[in-house]
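Got the model open in your viewer? Set it to cartoon, keep the selection box handy, and let's walk through it stop by stop.

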Amino acid sequence: MMIAGIGFKGSGHGTLLARTLQVRSDDLDVVQVRPDFYMIAGAGGNVAVQVGPAGVILVDTGLAQMSDRVLMAVQRLTSRRIRYIINTSSDADHVGGNERLSKAGQTILGNPGSSGVSEDVYTNGSAASVLAHENVLARMSALTGQQSLFPFALWPTKTYTGKGYPMYLNGDGIQVLHVPAAHSDGDSIVFFRRADVIVTGDTLDTTRFPVIDVTKGGSIQGEIDALNHLVEMTVPPFPLAFREDRTYLIPGHGFVCDFADLVEYRSMVTIVRDRIRDMVDKAMTVEQVKAADPTRGFTRRYGASTGSWTTNMFIEAVYKGLTARR
């Protein structure tokens, strides 16, 4: 494993991240966030890795075609087995490696007595369990007689309902929390309390405007509610801002963040929402709103004119959400 550098990209707020180690591993970036906590980037969505006595806990698994590389990166970090996988959404770049990585691991006893937690949806043999909100399974599977969008082997083996699913592994209290109607209706954020690391999924994406998948139950208000919830959970580095002590956030895509990065992103989304809402109040059409450029000042950093999520697609999603509420 070759060291590529120390430190990682920040938002320019003077964040001190000198102890964070960034490594190149088979075209993937492996960032050490805490002594026993890592982020693997470059496999689709970011993959979070917690290592401890019980084994490896993964949050998301990246794209299917990158799963072998993700597994190699994990095995270079530790000889311990993968014991548990948590999916933050049903997106292919977050669940694609479920089959390969779960079968490379080994099951661990869950928490069947918790309120709102179901038994395993199906038997996965001795493989590591895959946990997600029940709406993720609903999106990945299909109604009887219809073709599912994902192979059966990628589906979660365990689901939760309600507000969240708590567990305690590797000496850390782990809270899997449902954030409804944000990026989609099945989003989870994962809070590792002792490590003080929050894995946000695509509710936070430093590479682009937030992807609001209206077809999967996403909404602009749910997105802002989720970001506000993250702000409430995140502890800033005050009063000793020059020290590394702070909450870190691993976004769905992009660089590791802290409180300042999160607040900046939340402010951007709120400003754009308010601009479009003012235009909706004036009875402007969606084409008129696009022409008025409500993302000005942010387009260069977060926008795109081509690809899977463009600036116009973001404006359309916000517009649709605001007009639907009327």
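Start with the open sheet of five strands, ordered β10-β11-β12-β13-β14, with mixed pairing. This is a predicted model, so keep a confidence colouring within reach for later. Select 164-169 and 248-253 next: these are β10 and β14, the edge strands, each pairing on one side only. Look along the sheet and you'll see a twist that averages 20 degrees from one strand to the next.

Now zoom in on β13 and β14. The two run parallel and are joined by five bridges. Show Val 199 as sticks, and opposite Val 199 you'll find Ile 250 in β14.

Which strands does α5 touch as it packs on the sheet? Select 220-233 for α5 and check its contacts: β11 (172-178), β12 (188-192), β13 and β14. The direction of α5 makes about 160 degrees with that of β13. Then add 259-281, which is helix α6; α6 lies across β13 and β14 and runs at about 25 degrees to β13.

Between β13 (197-205) and α5 there is a loop, and Val 214 sits in it. Is Val 214 buried, exposed or something in between? Its relative accessible area is 31%, so Val 214 counts as partly exposed. Leaving aside residues up to four places away in sequence, Val 214 touches Ala 317 and Lys 320. Draw a distance from Val 214 to Ala 182 as well: their C-alpha atoms are 9.2 Å apart, with the two residues 32 apart along the chain.

Jump to helix α1, residues 67-77, and show side chains for Ser 67, Val 70, Leu 71, Ala 73 and Val 74, the buried residues of this helix. Turn the view until you look down the axis of α1: the buried residues fall within an arc of 160 degrees, so they line one face.

Zoom out to the whole chain. You have nine helices and 14 strands on screen, and 56% of the 326 residues count as buried. Switch on the surface: the chain exposes about 14,100 Å², with carbon and sulfur atoms supplying 52% of that.

Last stop, colour by pLDDT. The chain's mean is 89, and 86% of residues reach 70 or more. Select 1-20, where pLDDT stays under 50 and the model has 51 contacts beyond four places in sequence. Then select 110-119, also below 50, with 15 contacts beyond near neighbours in sequence. Where pLDDT is low, don't read the predicted coordinates in detail.

Methods. Residues numbered from 1 in each chain as written. Predicted model: local features only at pLDDT ≥ 70, side-chain atom pairs only at ≥ 80, totals over all residues. Heavy atoms only, no water. pLDDT = per-residue confidence, 0-100. Contact = heavy atoms within 4.5 Å. Buried < 20%, exposed > 50% of the residue type's maximum accessible area, 1.4 Å probe, protein only. Helix = DSSP H or I, 4+ residues; strand = E, 2+ residues; numbered from the N terminus. Arc of directions from axis to C-beta. Areas by Shrake-Rupley, 256 points an atom, 1.4 Å probe, with all protein chains shown as cover. Pairing = 2+ DSSP bridges. Axes fitted to C-alpha atoms, helices over the stretch in contact; angles between N-to-C directions.
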